[in-house]
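This report covers helix packing, a nonpolar core and a metal site, in that order. The coordinates come from a predicted model.

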Amino acid sequence: MNTPTAPEAVTSIATGARTAEVERNTAETRIKVRVNLDGTGKAQLSTGIGFFDHMLDQIARHGLIDLFIDCKGDLHIDGHHTVEDVGITLGQAVAKAVGDKKGIRRYGHAYVPLDEALSRVVIDFSGRPGLVMDVPFTSGMIGTFDSQLTYEFFQGFVNHAFVTLHIDNLKGVNAHHQCETVFKAFARALRAALELDPRSAGVIPSTKGSL
Ligand SMILES: [Mn+2]
């Protein structure tokens, strides 16, 4: 499913149960991602965009995913390729780590507040990419991060993790808070969906028999 298309060169190595490593190199970005879905939230992140690292850290911490991300991107242009391609590569890594989805809860949702801001994220490991996002950012830039790239990150992620993702920022005045509640809610929803359900151990959570 993750067949690379030129000019991308993608190499993926399965490193064991619920872990994965993906390397993705293009003329625009060179990215290495390692994930452990059953981690403790350890993160080592280097994208060259401080606020973006701060958001990826939320995914690790609140998703209880060990996350290594190194991206050398064309930041002399802007952050677009870096943020989008990290989303793509993280999506590839999560898809690889989750494998055939046997025993996972499949659905997850979370509401996360941060002071005046409140966001809701709902995820389904459906096997189909889909993103519905309604986040009325109150500011274009958050530090050196363009808030518009939040959409590009999640679009990249869903296209390669093959998930359905609904993201709504319900309240918020401060753009840093808006964005942080989105990433924290995403992390919590992800954790819930990926959790192994002891009542359906070894079962693929679909009446179709595959996802
Ligand atoms: Mn913050």
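The axes of helix α3 (residues 149-161) and helix α4 cross at roughly 15° and come within 12 Å of each other. Angles under 35 degrees count as roughly parallel, so α3 and α4 are roughly parallel to each other. The crossing in which α3 passes α4 is right-handed. On the α3 side, the residues that meet α4 are Thr-150, Phe-153, Phe-154 and Phe-157. Their counterparts in α4 are Cys-179, Val-182, Phe-183, Phe-186 and Leu-190.

Phe-153 and Phe-154 also belong to the largest nonpolar core, which has 55 residues. Together with Val-35 and Phe-125, these two touch the most other members. Helix α4 gives the most to this core, with 10 residues. In soluble globular proteins, nonpolar side chains tend to be buried together.

What is Phe-125 in contact with, leaving aside its neighbours within four places in sequence? The list includes Val-94, Val-98, Ile-104, Phe-162, Leu-190 and Leu-211, and also Lys-101 and Arg-106.

The manganese ion has protein donors lying 1.9 to 2.3 Å from it: His-54 (NE2), His-176 (NE2) and Glu-180 (OE). Along the chain, the donors follow the spacing H-x121-H-x3-E. The two histidines link distant parts of the chain, 122 residues apart. Their positions and accessibilities are as follows.

| Donor | Helix | Relative accessible area |
|---|---|---|
| His-54 | α1 (residues 50-63) | 30%, partly exposed |
| His-176 | α4 (residues 175-194) | 31%, partly exposed |

Buried means under 20% relative accessible area and exposed over 50%, so His-54 at 30% is partly exposed, and so is His-176 at 31%.

Technical notes. Residues are numbered from 1 along each chain as its sequence is written. This is a predicted model: local features need pLDDT of at least 70, side-chain atom pairs count only at pLDDT 80 or more; totals for chains, interfaces and linings use all residues. Side-chain values use heavy atoms; hydrogens and water are left out. Donors are N, O and S atoms within 2.8 Å of the metal (3.2 Å for Na, K and Ca); water is not among the atoms, so sites may look incomplete. Helices (H or I, at least four residues) and strands (E, at least two) are DSSP runs, numbered from the N terminus. Buried means under 20% relative accessible area, exposed over 50%, partly exposed in between (1.4 Å probe, protein chains only). A nonpolar core is a set of buried Ala, Val, Leu, Ile, Met, Phe, Trp, Tyr and Cys residues joined through side-chain atoms within 4.5 Å. Contact means heavy atoms within 4.5 Å. Axes are lines fitted to C-alpha atoms, for helices over the stretch in contact, and angles run from 0 to 180 degrees between N-to-C directions. Angles under 35 degrees count as roughly parallel, over 145 as roughly antiparallel, 65 to 115 as roughly perpendicular and the rest as oblique. A crossing is left-handed if the near helix is turned anticlockwise from the far one by less than a right angle, and right-handed if clockwise.
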